[in-house]
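Student: Could you go through this one with me, and show me how each label is earned?
Tutor: Sure, ask away and we'll hold each value against its definition.

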Amino acid sequence: MRIHDLTHPVGDGTEAGFHLPPATVRLWQPVPERGWWATDIRLPSHIGTHVDAPRHWLADGATVEALDLDILVGPAIALDLTRRADAQQVTVADLEAAAPQTPPRWLLLTGWDRTFGTREYFTAYPSLGPEAAEWIVGRGVRLLGVDMPSLSRTANPATHRVLLQAGVVVVEGLRGLAALLGRTFVICVLPLCVAGADGAPARAVALEFE
């Protein structure tokens, strides 16, 4: 079995964008004097590689600890959208061309993860519109992962609500999806189990069985 790490590391000062505070990762000072170490870690719920729970955009939506593990772990496919990413809009036609087979978990490769750590990462990423989101729901997708910091720049609320109202789990901020093209793998995305949270950072890996 080969394990592909799809997670951006988060350290002290990592930006979350979207007016959220950056991460702070600091040694808890009194501890070394006692011979052991602990770290004070403070993270926004939507930073780096993270999962959106329905509560993120739906007032009565489920929170992150209630997400179904059967959705977060299972067979997936990586779709190559790099040729359309420069157009800044991922359309239904793009998805139709890239998705000849449809396991219920899709990871959309645009190549935008290469800009992680820059200001551009949060300002110019490709967008998925509500029409494309509705088409995805119609194909029975249960988990949608993207290598952008969010789903859309121009229609973010509408795009999220289409997916989250349909019970699709959204994973944002993935990296390294190019290595999964044409391969058979299982995705495993486990967010921090924070009761009442609208989302949480996650460790995302793909398991490729040889």
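Student: What makes the link between the side chains of Asp-5 and Arg-203 a polar contact?
Tutor: A polar contact is a pair of N or O atoms within 3.5 Å; within protein, one must be able to donate a hydrogen and the other to accept it, and residues adjacent in sequence count only if both atoms are side-chain atoms. The side chains of Asp-5 and Arg-203 are joined at 2.8 Å, so the label fits. Asp-5 also reaches the backbone nitrogen of Thr-7 with its side chain, at 3.1 Å.

Tutor: Before you go on, this is a predicted model, where local features need pLDDT of at least 70, side-chain atom pairs count only at pLDDT 80 or more, and totals for chains, interfaces and linings use all residues. Residues are numbered from 1 along each chain as its sequence is written, and side-chain values use heavy atoms, with hydrogens and water left out.

Student: Why is Asp-5 called partly exposed?
Tutor: Buried means under 20% relative accessible area, exposed over 50%, and partly exposed in between (1.4 Å probe, protein chains only). Asp-5 has 30% relative accessibility, so it counts as partly exposed.

Student: Which residues is Asp-5 in contact with, leaving aside neighbours within four places in sequence?
Tutor: Contact means heavy atoms within 4.5 Å. Asp-5 is in contact with Arg-175, Arg-203, Ala-204 and Val-205.

Student: On to the rings: what makes Phe-18 and Tyr-125 an aromatic pair, and what is its type?
Tutor: There are 5 aromatic pairs in the structure. Rings of Phe, Tyr and Trp (its six-membered ring) pair if their centres lie within 6.5 Å; planes under 30 degrees apart count as stacked, over 60 as edge-to-face and the rest as tilted. For Phe-18 and Tyr-125 the centres are 6.4 Å apart and the planes make 75 degrees, so this is an edge-to-face pair. Phe-18 and Tyr-125 both lie in loops, and the pair ties together parts that are 107 residues apart in sequence.

Student: Is Tyr-125 buried or exposed?
Tutor: Tyr-125 has 2% relative accessibility, so it is buried. Phe-18, with 38%, is partly exposed.

Student: How do you know that Phe-116 and Tyr-121 are edge-to-face?
Tutor: Their centres are 5.2 Å apart, with 85 degrees between the planes, so they pass as an edge-to-face pair. Ring pairs link Phe-18, Phe-116, Tyr-121, Phe-122 and Tyr-125 into a cluster.

Note on methods: Helices (H or I, at least four residues) and strands (E, at least two) are DSSP runs, numbered from the N terminus.
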